[in-house]
Amino acid sequence: MPFKNLQTDQAMVDKIWNRLDTSHISAILVTHSHYDHLMDVPYIHQKLRSVPSIYGSSTCYYTLQHQTYNLPTAKLVDVEAEASVAGKPGKWYYPLPDSSYRFMPLLAEHAPHVRVAFLDMNIKLYEGWYDSVPARLSKPKDWKEGQTLSYLLDFMGADRKTVKVRLSVITSACNPPSGFLPELAPADQHPVDISLLCVASHKYVENYPAKLLQNMNPRFMIASHWEDFFLRYDRKKKRGVRFTNLNKFIAKMKAIEQLENKWILSEPLVKTTFLY
Ligand SMILES: [Zn+2]
């Protein structure tokens, strides 16, 4: 991957896209604005006939207004000010008029990417934020992290009031209490059915993911963001994302009794179906 003039590999996105059923996509939730999370969103959005809204931080909101993207501003939603903070619930967003699902953004954080031993420091790349539209987007550092968010995502029952299935989505390893569930009103309480957690940078957060899983107590967990996306994916030879030891994460997971046989590594291009 070249590190200047960084842009979406449209042929690659097309290839993957053609294997997916995208007809039901009605919202795009962005957790933070680094290029590996945000850069392909405008192209994906352009491919969706439903023209969904894109929800994310203030930095995400401004980054996506860059002239090259030509996205309708009315479809960009800055949810940062409405996020749950320090256990206090945030706003529930209902992307569809039928209220069949909803989500709440939560302020989260992003673990460092790499340790520099001789400085005795953990370093996080591409920090910072935008409060206006960036002048250029060409190098990885131009996609600034902004405020990292996580999301609670509820699929509602037929009455549109009770929660049928709850997902928690966390795409960056984070230090507790960041990532902990907010204290929800009694009517909004429901166990977490599926927790989607990030593998990358797990070693830079103490007791991750054990402490988070203790708080969340999910029925099932999906470990994501673990693969080395700089290389062609090889199912037989699982290679962890740079600076992350996948086997050590798997060993940590095996030590968590609560989740015995109740978690998987997400598999690129493999559809996972949950029956409940
Ligand atoms: Zn990141």
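**View 1. The hairpin of β7 and β8 in the predicted model.** In this predicted model, R160 takes a positive phi near 65 degrees within the hairpin of β7 and β8, where six residues lie between the strands. The two strands concerned, β7 with residues 149–156 and β8 with residues 163–169, pair in the antiparallel sense, and six bridges connect them. One position to follow across this pairing is L152 of the hairpin, which stands opposite S168 in β8.

**View 2. The sheet of six strands.** The hairpin strands belong to an open sheet whose order is β4-β7-β8-β9-β10-β11 and whose pairing is mixed. Its edge strands are β4 and β11, the latter covering residues 263–265, and each of these pairs on one side only. On average, and with direction ignored, neighbouring strands of this sheet are turned by 15 degrees against each other.

**View 3. Strand β8 beside strand β9.** Strand β9, made of residues 194–198, runs parallel to β8 and is joined to it by three bridges. Within this pairing, L167 has I194 of β9 as its bridge partner, while V169 has L196 of β9 as its bridge partner.

**View 4. Strand β4 at the edge of the sheet.** Strand β4 runs antiparallel to β7, and seven bridges join the two; among the residues involved, L107 has L149 in β7 as its bridge partner. Although β4 is an edge strand that pairs on one side only, five of the seven residues in this strand (residues 101–107) are buried, so β4 is largely enclosed by the rest of the structure.

**View 5. The largest nonpolar core and the surroundings of A223.** In soluble globular proteins, nonpolar side chains tend to be buried together. The largest nonpolar core here has 46 residues, and those with the most contacts inside it are V30, L106, Y151, I170, A173, L197 and A223. Leaving aside residues up to four places away in sequence, A223 touches L197, V199, F249, M253, W263, L265 and S266.

**View 6. The sheet of three strands.** A further open sheet has the strand order β1-β2-β3, and its pairing is parallel. The edge strands, each pairing on one side only, are β1 (27–29) and β3 (76–78). Neighbouring strands of this sheet are turned against each other by 20 degrees on average, again with direction ignored. Strand β2, which spans residues 53–56, runs parallel to β3 and is joined to it by three bridges, and here Y55 finds its bridge partner in V77 of β3.

Note on methods. Residues numbered from 1 in each chain as written. Predicted model: local features only at pLDDT ≥ 70, side-chain atom pairs only at ≥ 80, totals over all residues. Pairing = 2+ DSSP bridges. Helix = DSSP H or I, 4+ residues; strand = E, 2+ residues; numbered from the N terminus. Axes fitted to C-alpha atoms, helices over the stretch in contact; angles between N-to-C directions. Core = buried A, V, L, I, M, F, W, Y, C linked by C-beta atoms within 7 Å. Buried ≥ 20, exposed ≤ 12 C-beta atoms within 10 Å, placed from the backbone. Contact = placed C-beta atoms within 7 Å.
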